[in-house]
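Me: Take a close look at the strand pairing for me, please. Then work outwards from there to the ligand.

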Amino acid sequence: METELNELWKSALGEIELQISKANFKTWMQNTAIAEKKGGVVTVAVPNSFAKEWLENKYHKFILRSLRNLDSGIKDINYKVQQNRVSDKDERTRVKKESDKAQMGFQELNADAITGLNPRYNFENFIVGSSNELAHAAALAVSENLGKRYNPLFIYGGVGLGKTHLIQAIGNRIIKNNPAKKIKYVTSEKFTSEVVSAMRSGSIRPNDIDEFKKRWRELDLLIIDDVQFLAGKEKTQDEFFHTFNALYNAGKQVILSSDRPPKSIQTLEERLRSRFEGGMIADISHPDLETRIAILKSKSGEHNLALSDDVCEYIAQNVRKNIRELEGALNRLIAANDRTDKKELTVGEVKKALNSLLSAPKKSTSFKNIIKAVAEFYDISEKDLLDRSRKKEVVKPRQITMYLLREELKSSFPFIGEKTGGRDHTTVMHACEKIKKELNSDPGLTDEINSIKEKLYLI
Ligand code: ADP
Ligand code: MG
């Protein structure tokens with residue numbers, strides 16, 4: 001009996017290990033065991049109350065799912081502190097230390113400490129539709145021809161549309177096929193903070209800078225997420241440029257993501273912009289209805305939640321902003337479904353469960369917020385934006401400001417003119433017309449304005 005339980009637990013741990021980060025796994029799963037299995041209820045023995053709390057609150061679902069996959073008769077789990085498993089002082093210190101480490105990475109829960117990749121993001125669970133098929137095809141091609149085709153690969157698109165998922169999927173595919181490859185995924189903020197701290201300690205210990213350089217330049221694949229945040233950070237851009245060149249010249253792959261195309265990242269050094277543009281640029285746009293339905297089906301399947309076609313269609317019709325929001329809706333339904341005793345949800349129940357999500361009135365915005373969002377997006381000061389300057393970098397953002405004031409606030413042309421540096425109302429009309437016309441012919445501009453609007457309603 002005991003060995004049977006041991007085997008069961010070993011297999012369950014094997015599955016859990018794939019789903020949570022190494023640091024968390026080591027911290028919370030070490031020194032656990034199944035103490036008992038009776039009437040569909042499994043008792044898991046843990047070394048201390050600290051671990052008990054964490055397993056109950058954070059990992060219960062993972063554990064239950066893994067056990068059920070192995071034995072469908074299992075209905076519930078109890079956690080019990082087993083004194084003789086504890087652990088002398090050393091054990092407690094170990095747990096504390098490792099949990100601190102795990103906590104530090106809380107934001108990147110489940111990310112691998114070395115590569116920075118989260119195994120949750122893979123090609124297998126990425127749904128392809130017309131909005132992302134080009135980006136997906138390019139990502140696949142890169143994962144099969146690392147450094148040889150499409151270098152760098154630059155993927156851009158609005159919030160919550162799957163950029164991070166796709167670029168991490170490439171890394172995860174490479175690791176699976178070729179574990180010896182050196183891969184690093186970082187956000188541009190993390191890269192920046194590493195550059196800054198290397199320079200700081202390098203001023204005391206010059207070797208630190210060399211070490212930093214070496215570490216980045218020996219990678220086979222470097223993935224930097226959200227590179228729009230590199231804008232305006234000169235030192236970081238400089239270091240990135242050198243890292244990029246070193247990798248590129250050695251035939252190593254670089255993958256980048258951003259919320260906009262390279263040409264729209266203001267204050268990006270020209271040499272970087274042209275580097276980015278020298279590879280493959282692919283965008284991800286908003287998913288159409290069919291894709292939203294496919295994503296719902298796939299994700300509800302992952303969570304063992306059966307949704308009828310009517311329900312899927314209802315959700316997909318009403319939740320259209322992005323995929324993250326679709327996931328949010330689904331999470332609510334999973335919670336609601338627990339209450340309705342596992343019966344298939346009706347459209348009525350879904351409506352009720354999503355009520356507050358769907359009927360939230362369109363948030364209103366203000367003159368101040370529009371100025372702030374545009375200035376932030378183009379990384380220029382609000383003063384420059386409203387000034388009379390004719391500098392090229394401010395002319396377009398200013399026209400977009402006028403356009404948004406007109407579209408979002410329905411302000412009058414003379415009012416907009418007055419608020420944007422005392423301009424004549426005909427100048428404003430001209431600007432709004434121009435932007436409207438360009439929107440018809442320049443999909444990049446549509447993306448930019450959508451991103452600004454997203455920002456606007458988050459402020
Ligand atoms: P972005 O980085 O563009 O803001 P993410 O990659 O974080 O967006 O995606 C938001 C959420 O939507 C993630 O949980 C991701 O797994 C999911 N997602 C995005 N695109 C897809 C897709 N095509 N298929 C399945 N899930 C997706
Ligand atoms: Mg992202």
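Reply: Two strands pair if DSSP finds at least two bridges between them. Strands (E, at least two residues) and helices (H or I, at least four) are DSSP runs, numbered from the N terminus. This is a predicted model: local features need pLDDT of at least 70 and side-chain atom pairs 80 or more, while totals for chains, interfaces and linings use all residues. Residues count from 1 along each chain as written, chains are lettered from A and ligands numbered from 1 in written order, and side-chain values use heavy atoms, without hydrogens or water.

Start with the parallel sheet. Five strands make up this open sheet, in the order 5-6-7-4-8, and the pairing is parallel. Strand 5 (183-187) and strand 8 (280-284) are its edge strands, each pairing on one side only. On average, neighbouring strands of this sheet are turned by 15° against each other, direction ignored; axes are lines fitted to C-alpha atoms, and angles run from 0 to 180 degrees between N-to-C directions. At one edge, strand 5 runs parallel to strand 6 (residues 221-225), with 5 bridges between them. Within that pair, Val186 stands opposite Ile224 of strand 6. In a regular strand, side chains alternate between the two faces of the sheet.

The loop ahead of strand 4 has its own feature. Pro152 sits in the loop between helix 5 (133-144) and strand 4 (153-157). The peptide bond joining Asn151 to Pro152 is cis, with omega about -5°.

Now the other sheet. Here 3 strands form an open sheet in the order 1-2-3, with mixed pairing. Strand 1 (33-38) and strand 3 (76-81) stand at the edges with a single partner strand each, so one side of each has no neighbour in the sheet. Its neighbouring strands are turned by 25° on average, again ignoring direction.

The mix comes out pair by pair. Strands 1 and 2 are antiparallel, over 5 bridges. Lys37 has Val42 of strand 2 as its bridge partner. These two strands form a hairpin with 2 residues between them, and Gly39 in the turn has a positive phi of about 50°. Strand 2 (residues 41-46) and strand 3, in contrast, are parallel, over 6 bridges. There Val46 has Val81 of strand 3 as its bridge partner. Before strand 1, Asn31 occupies the loop that follows helix 2 (22-29). Asn31 is not a glycine, yet its phi is positive, about 60°.

Next, the domains, whose bounds come from an automatic or database assignment. The chain is split into domain 1 (2-102), domain 2 (133-284), domain 3 (289-359) and domain 4 (367-456). The C-alpha centres of domain 3 and domain 4 are 37 Å apart. Ligand 1 lies between domain 2 and domain 3, because both give residues to its shell.

That shell holds 18 residues, and the closest are Ile127, Gly160, Thr164, His165 and Glu327. A shell residue has a heavy atom within 4 Å of the ligand. Oxygen atoms of ligand 1 also make polar contacts (N or O pairs within 3.5 Å). The side chain of Arg120 places an N or O atom 2.9 Å from a ligand oxygen. For Gly162, a backbone N or O atom lies at 3.0 Å. For Arg324, a polar side-chain atom lies at 2.8 Å. The protein covers 95% of the 560 Å² of accessible area that ligand 1 has on its own, by the Shrake-Rupley method with a 1.4 Å probe. Helix 6 (163-177) and helix 13 (323-339) are the elements giving two or more residues to the shell.

Key. Polar contact = N/O pair within 3.5 Å; in protein donor to acceptor, adjacent residues only side chain to side chain.
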